[in-house]
Amino acid sequence: RKTNVPLHALRAQMTHIVSALTYHMHVNVLLVAWQRLEEQLASARDLEELIRAHDKYLSHLREGWLLSTAQDSGDVYVRAVFDSILKLSELVNANKTDADSVVPVYCAFESARENLAQRVSILNSRAGRVDFEPLLLQLDFNRFYIRQEPTHHTKQPT
């Protein structure tokens, strides 16, 4: 039996999400936070300013990596995405790639991805230190193109 989404397509979507999160965490968060920390350390006049700069750096990382201690952080949603990826890996390793096994994982992954995108959208709408817009685009990448009107291979009525 075939699944609604081919296994290779599901794996590609999962890989895309992992790559997008990795890129965001490195380029949009770590590099930006490190640059700010270096600037603040260079201008620090005493130990207290060094400590404040370091605390800001750590806070920026927690916020950008969706690990903040706030109740509405995104770590729960990131974990749900990774849980579905690990579940698919377990199924593949056990040679259980039939529709009855894969479809629930696909549904869990899609739900987790959508919940993560919604949480990132909320975080992005707040005035924070982290720009989540590039990550948001990547999380919703496939849906963006699905929603587009077909511009080719469509016959126009005459």
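# A tour around His60

Start by selecting His60, which is buried with a relative accessible area of 2%. Keep in mind as you go that this is a predicted model. His60 sits in helix 2, and it will be our base for the first few stops.

**Around His60.** Show the residues that surround this side chain. Setting aside anything up to four places away in sequence, His60 touches Asn28, Val29, Val32, Ala33, Arg36, Arg129 and Val130. Now pick out Arg36 from that group: its side chain and that of His60 are joined by a polar contact of 3.2 Å. Next, try a distance from His60 to Ala33, C-alpha to C-alpha. These two are 27 residues apart in sequence, yet 6.4 Å apart in space.

**On to Asn28.** Asn28 is one of the residues that His60 touches, so select it next. You will find Asn28 in helix 1. Is Asn28 buried or exposed? With a relative accessible area of 17%, Asn28 is buried, since the cut-off for that label is under 20%. Its contacts, leaving aside neighbours within four places in sequence, are Tyr23, His60, Asp131 and Pro134.

**The whole of helix 2.** Now widen the selection to residues 47–64, which form helix 2. This helix has 18 residues and reaches 26 Å from its first C-alpha to its last, close to the 26 Å expected at 1.5 Å a residue. Colour Glu49, Ala53, Tyr57, His60, Leu61 and Gly64, the buried residues of helix 2. They cover an arc of only 115 degrees around the axis, which puts them on the same side of the helix. What do these buried residues pack against? Show residues 7–43 and you have the partner, helix 1.

**Both ends of helix 2.** Move to the start of the helix and select Asp46 and Glu48. A side-chain oxygen of Asp46 comes to within 3.2 Å of the backbone nitrogen of Glu48. Then travel to the other end, where Leu66, just after helix 2, takes a positive phi of about 60 degrees.

**A pair of rings.** How many aromatic pairs are there? The count comes to 1. To see it, select Trp34 and Tyr57: their ring centres are 5.8 Å apart and their planes stand at 70 degrees, so the pair is edge-to-face. Trp34 belongs to helix 1 and Tyr57 to helix 2, so the pair ties together parts that are 23 residues apart in sequence. Turn on the surface and compare the two partners. Trp34 is partly exposed, at 42% relative accessible area, whereas Tyr57 counts as buried at 13%.

**Over to helix 3.** Select Asp75, in helix 3 (residues 75–93). Asp75 has 17% relative accessibility and counts as buried. Not counting residues up to four places away in sequence, Asp75 touches Leu66 and Leu67; Leu66 is the residue with the positive phi that you met just after helix 2. For one more distance, take the C-alpha atoms of Asp75 and Arg62: they are 13 residues apart along the chain and separated by 9.9 Å.

**Step back.** Finish by showing the protein as a whole. There are 6 helices and 0 strands, and from the N terminus the elements run α-α-α-α-α-α. Of the 158 residues, 31% are buried. Among contacts with a separation of 6 or more, 72% come from residues 24 or more positions apart. With the surface turned on, you are looking at an accessible area of about 10600 Å², 55% of which belongs to carbon and sulfur atoms.

Key
Residues are numbered from 1 along each chain as its sequence is written. This is a predicted model: local features need pLDDT of at least 70, side-chain atom pairs count only at pLDDT 80 or more; totals for chains, interfaces and linings use all residues. Side-chain values use heavy atoms; hydrogens and water are left out. Helices (H or I, at least four residues) and strands (E, at least two) are DSSP runs, numbered from the N terminus. The expected span of a helix is 1.5 Å times one less than its number of residues. Buried means under 20% relative accessible area, exposed over 50%, partly exposed in between (1.4 Å probe, protein chains only). The arc is that of the directions from the helix axis to the C-beta atoms. Contact means heavy atoms within 4.5 Å. A polar contact is a pair of N or O atoms within 3.5 Å; within protein, one must be able to donate a hydrogen and the other to accept it, and residues adjacent in sequence count only if both atoms are side-chain atoms. Rings of Phe, Tyr and Trp (its six-membered ring) pair if their centres lie within 6.5 Å; planes under 30 degrees apart count as stacked, over 60 as edge-to-face and the rest as tilted. Accessible areas come from the Shrake-Rupley method with a 1.4 Å probe; for residues, only the protein chains shown count as cover.
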